[in-house]
Amino acid sequence: MVKEANNDVNGDVNGDTDNYVNDDVNDATGGRRVYLDKQSPAAYRALVHTADAVRATAAEAGLDRILVELVNLRVSQINGCAYCLDVHTRAALRAGETTRRLGVLPAWRDTELFTARERAALALAEATTAPADGLAQDRAYGAARAVLNDEEISAVIWVAITINAFNRVSILSRHPVRDAAHAPAAAPAPASAPVPVSAPLSVDATP
């Protein structure tokens, strides 16, 4: 639950913030983006607390860290959140995920590299990210029922919900992903970094 949560949820979900620089980033029209986490810190802290709870829920359900990070990454891929993709790719690699599986994650259905539990979690994550597709939800639930219990299904969906929220915070704030070697030496550190959602293991959220 990905501090992209308080500590590593979605370090990892916890605060991998070395590439996060709190300077003004302008959009194509020249308008300055509002950093939502810094502008409304109380609301952001509430989201971080949610990530903490989701992290604990995922751990209690027995979801392993790699599965949680796959959910964080797949949701972030769909939403196009560069910041969360950066945070959770590094978190997944630290957890022991392989570059081969990460490389084919967008096409997970067309490979034999993911377990039945991982495939069920990924389908649920995609259905959570596009909730208007009721047929996809029904199919995802049907597949999940075969390999996940109610506690696990709930935890996966909560991880996906939380990383979706953090994706939107980072995308709308346009949190930058910078090359650490070229980042300004005196750049101020953020008060808090976007919180992923992952679970201890983590949802180190996640978000």
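A helix, as the word is used here, is a DSSP run of H or I at least four residues long, numbered from the N terminus. In this predicted model, helix α3 offers a handy first example. R65 and E69 sit 4 residues apart in α3, which means that about one helical turn separates them. The two side chains form a salt bridge, with the closest N and O atoms 2.8 Å apart. Both partners are buried: R65 is, and E69 is as well.

Stepping back to the chain as a whole, the secondary structure comes to 8 helices and 2 strands. Along the sequence the order is α-α-α-α-α-α-α-α-β-β. The chain has 207 residues, of which 48% count as buried.

Much of the picture can be built around the nonpolar interior. In soluble globular proteins, nonpolar side chains tend to be buried together. Here the largest nonpolar core holds 42 residues, and L63, V71, L105, L124 and V156 are those with the most contacts inside it. At least two residues of this core come from each of α2 (41-61), α3 (65-79), α4 (82-94), α6 (116-129), α7 (134-145) and α8 (150-173). Of the contributors, α8 gives the most, supplying 9 residues. V71 is a good place to start exploring on screen: leaving aside residues up to four places away in sequence, V71 touches A121, L122, A125, V156, V159 and A160.

Aromatic side chains add a further link. The whole structure contains 1 aromatic pair. The partners are Y44 and F166, whose ring centres lie 6.1 Å apart with the planes at 80°, so the arrangement is edge-to-face. The pair joins distant parts of the chain, since Y44 belongs to helix α2 and F166 to helix α8, 122 residues apart. With a relative accessible area of 4%, Y44 is buried; F166 is buried too, at 0%.

Charged side chains come next. Side chains of opposite charge can pair when their charged atoms come close. The structure holds 9 salt bridges, among them the R65 and E69 pair described above. Another joins D86 and R90, with N and O 2.9 Å apart. Like the pair in α3, these residues share a helix: D86 and R90 are both in α4, 4 residues apart, about one turn of the helix. An α-helix has 3.6 residues a turn, so residues three or four places apart point the same way. D86 has a relative accessibility of 18% and therefore counts as buried, the cut-off being under 20%. A salt bridge also connects R101 with E97, at 2.7 Å from N to O, and both of these residues are buried. Beyond such pairs, R74, R109 and E126 are linked in a network of salt bridges.

Two of the helices merit a closer look. Helix α4 has 13 residues and spans 18 Å from its first C-alpha to its last, close to the 18 Å expected at 1.5 Å a residue. Its buried residues include Y83, C84, D86, V87, H88, A91 and A92. Just after α4, G96 adopts a positive phi of about 110°. Helix α7, with 12 residues, reaches 16 Å from first C-alpha to last, again close to the expected value, 16 Å. At the start of α7, a side-chain oxygen of D133 comes to within 3.3 Å of the backbone nitrogen of L135. Further along, α7 contains A143, which counts as partly exposed because its relative accessibility is 40%. The C-alpha atoms of A143 and A116 are 8.9 Å apart in space, with their positions 27 residues apart in sequence.

Finally, helix α1 (residues 36-39) contains D37. A relative accessibility of 2% means that D37 counts as buried. The side chain of D37 makes a polar contact of 3.2 Å with the side chain of H175. D37 and S170 are 133 residues apart along the chain, yet their C-alpha atoms are separated by 8.7 Å.

Note on methods:
Residues numbered from 1 in each chain as written. Predicted model: local features only at pLDDT ≥ 70, side-chain atom pairs only at ≥ 80, totals over all residues. Heavy atoms only, no water. Core = buried A, V, L, I, M, F, W, Y, C linked by side-chain atoms within 4.5 Å. Buried < 20%, exposed > 50% of the residue type's maximum accessible area, 1.4 Å probe, protein only. Contact = heavy atoms within 4.5 Å. Salt bridge = Lys/Arg side-chain N within 4 Å of Asp/Glu carboxyl O. Expected span 1.5 Å × (residues − 1). Polar contact = N/O pair within 3.5 Å; in protein donor to acceptor, adjacent residues only side chain to side chain. Phe/Tyr/Trp six-rings, centres within 6.5 Å; stacked < 30°, edge-to-face > 60°.
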